[in-house]
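Visitor: I'm new to looking at protein models, and I'd like a close look at one single part. Could you walk me through it slowly?

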Amino acid sequence: MLKTIEGIYKNGQIELTEIPQGITESKVFVTFLETKPNIWPENIIQHQGIAESIVFESYRDELLPTDEIEF
């Protein structure tokens, strides 16, 4: 039986999003998926806005770091 469970690899550890039911020990294959950078591009970090810009510029400091945004 094959079972796929999503997880995240970080600092040498794999954290699964769920505990596999009925499996106490098993061989596994780990496939690393391409990830997007988790930092804002430098030109966005350095942007100071425009004096006559639209209203949403005032919320710039409330932007979440990219690793906290869920899609």
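In what sense do β1 and β2 pair, and over how many bridges?

Guide: Happy to! Keep in mind that this is a predicted model. The two strands you picked, β1 and β2, pair in the antiparallel sense, and they do so over four bridges.

Let's set the scene before zooming in. The protein has one helix and two strands, and if you read along the sequence, the pattern is β-β-α. So far, so simple. There are 71 residues, and 3% of them count as buried. The accessible surface of the protein is about 7,800 Å², with 55% of that belonging to carbon and sulfur atoms.

Now for the strands themselves. β1 covers residues 7–10, while β2 covers 13–16. You can follow the pairing by finding who stands across from whom. Start with Gly7: opposite this residue is Leu16 in β2. Then go to Lys10, which has Gln13 of β2 standing opposite.

Next, look at the turn that joins the two. The hairpin of β1 and β2 has two residues between the strands. One residue to find there is Asn11, which sits in the loop between β1 and β2. Its backbone does something worth a pause: phi of Asn11 is near 55 degrees, a positive value in a residue other than glycine. Why pause at that? Because most residues other than glycine have a negative phi. As for its surroundings, Asn11 counts as exposed because its relative accessibility is 74%, and the cut-off for exposed is over 50%.

Now slide back to the other end of the hairpin and find Glu6. This residue is in the segment before β1. Leaving aside residues up to four places away in sequence, Glu6 touches Glu15, Leu16 and Thr17. Take Leu16 from that list: its C-alpha atom is separated from that of Glu6 by 6.0 Å, although the two residues are ten apart along the chain. Even with those contacts, Glu6 is exposed, with a relative accessible area of 59%.

Let's move on to a side chain in β1, namely Tyr9. The count of aromatic pairs comes to one, and here's who is in it: Tyr9 and Phe32 form an edge-to-face pair, 5.3 Å from centre to centre with 90 degrees between the planes. Tyr9 lies in strand β1 and Phe32 in the loop between β2 and α1, so the pair ties together parts that are 23 residues apart in sequence. If you want to find the far end of that loop, α1 is residues 42–46.

Are these two rings hidden away or out in the open? Tyr9 counts as partly exposed, because its relative accessibility is 47%. Phe32, at 58%, counts as exposed.

Both rings also belong to something wider. Tyr9, Ile14, Leu16, Val28, Val30 and Phe32 form a nonpolar patch on the surface, and together they have about 630 Å² of accessible area. You've met Leu16 already: this is the residue opposite Gly7, and one of those touched by Glu6.

One last step back, to the whole protein. Among its contacts with a separation of 6 or more, residues 24 or more positions apart account for 24%.

So if you trace the part again, begin with the antiparallel strands β1 and β2, go round the turn by way of Asn11 with its positive phi, and finish at the edge-to-face pair of Tyr9 and Phe32.

Methods. Residues numbered from 1 in each chain as written. Predicted model: local features only at pLDDT ≥ 70, side-chain atom pairs only at ≥ 80, totals over all residues. Heavy atoms only, no water. Patch = residues over 30% accessible without salt bridge, like charges linked within 9 Å, V, L, I, M, F, W, Y side chains within 5 Å. Areas by Shrake-Rupley, 256 points an atom, 1.4 Å probe, with all protein chains shown as cover. Salt bridge = Lys/Arg side-chain N within 4 Å of Asp/Glu carboxyl O. Phe/Tyr/Trp six-rings, centres within 6.5 Å; stacked < 30°, edge-to-face > 60°. Buried < 20%, exposed > 50% of the residue type's maximum accessible area, 1.4 Å probe, protein only. Contact = heavy atoms within 4.5 Å. Pairing = 2+ DSSP bridges.
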